[in-house]
Amino acid sequence: MGALVRLLLIAVILATAWAFRDSLGDVRGALASAGWSGIAIMATYHPLAICLCGLAWWTLSQEGRASTFILARWIRDGVSELASFLPLAGEMAGARLLTCSGIRTSTAGALTVVDVTAEVMAQFLFSLAGVGLWLIRHPTGEVVRWAMLGIALSIPVLAAFVAVQRSSVMRFLETLPSRLLPKVWSAPDASSGLHAGITALWADHQRVFVAVLLHLSAWTVSAGEAWVALYLLGHPLPLPDVLAMECIIFAIRSAAFFVPAAIGVQEGGYLLLGGVLGLSPEVALAISLLKRGRAIVLGLPALVVWQILESKAARRRVASQDLQAR
């Protein structure tokens, strides 16, 4: 049922984008008002959200430095944006960097799983507030119905995601490789494995609560990015309208998680919602293009830094093995 609704939602958005195909106008002209300096400004603004997400991740941990988690979050986002065709590539890269800084593999994996969950919980609250705000300011139209239906369907999914992490199912999945390949894969210790780490993290309610609040702040800051983009494009809108629009855009992107980088889905969402707010199609599309430009400006250096850090970690492993061999 949930998959069907997501497909219908995406179909509506793409149909809207197709309907506007002949009236997109001069998108290049809209972007010209922001220019490269606009992308640079957005690339300077966005790291604030990255820092908040990194701090949320670090809050869950009882070891390591905050700067390590912020750096790992930057690389995690960069990999997710530019290698979105690889599921969970960003999360795996981020967890890998934590292990390079000295955190145990099982601990890094547990921190990543719970952090992703805290981020999804924060997005749920953010989307709920955004739909309420949109309902107050724009009570008519299909947008509210679709958004409320999506939120309602996300409740059991989120609850199941959390329940699986805290149940024996996670322990079963953790030990499955050793059951299938006992000669190649050793079973992880029940007291220090992934499931034990996740259980311990969820037991610390205060840390999880703070992580959710920090992610909620990060979602709010990220929504402000569209307000900055509209200001740079010369079409400013009231901040409440922009926040409400971004809440629903983020929800649409999440519903279309199986579409790499939400290509076409994000653009269709801006065309649909921007039209309700009185934005011309070319300006609505320009917001999305500015965001994608910012993602490339921040993502490419993140990939380079990731490779440099991985190379250094590999050299350290080789040096350590040589010392042990002697």
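**Close-up views of a helical chain**

At 25% relative accessibility, D204 counts as partly exposed (buried is under 20% relative accessible area, exposed over 50%, partly exposed in between, with a 1.4 Å probe and protein chains only). This is a predicted model, in which local features need pLDDT of at least 70, side-chain atom pairs count only at pLDDT 80 or more, and totals for chains, interfaces and linings use all residues. Residues are numbered from 1 along each chain as its sequence is written, and side-chain values use heavy atoms, leaving out hydrogens and water.

**View 1. D204 pairs with R207 in a salt bridge.** The closest N and O atoms are 3.0 Å apart (a salt bridge is a side-chain nitrogen of Lys or Arg within 4 Å of a carboxyl oxygen of Asp or Glu). R207 is partly exposed, at 26%.

**View 2. R73 and D77 meet within helix α5.** Helix α5 covers residues 66–82 (helices are DSSP runs of H or I, at least four residues, numbered from the N terminus). The two residues sit 4 apart, about one turn of the helix. Their salt bridge spans 3.0 Å, N to O. Both R73 and D77 are buried. A network of salt bridges links them with R76, D115 and E119.

**View 3. R96 and E310 form a salt bridge of 3.2 Å, N to O.** R96 belongs to helix α6 (residues 89–100) and E310 to helix α14, so the pair ties together parts 214 residues apart in sequence. R96 is partly exposed at 30% relative accessibility. E310 is buried at 17%.
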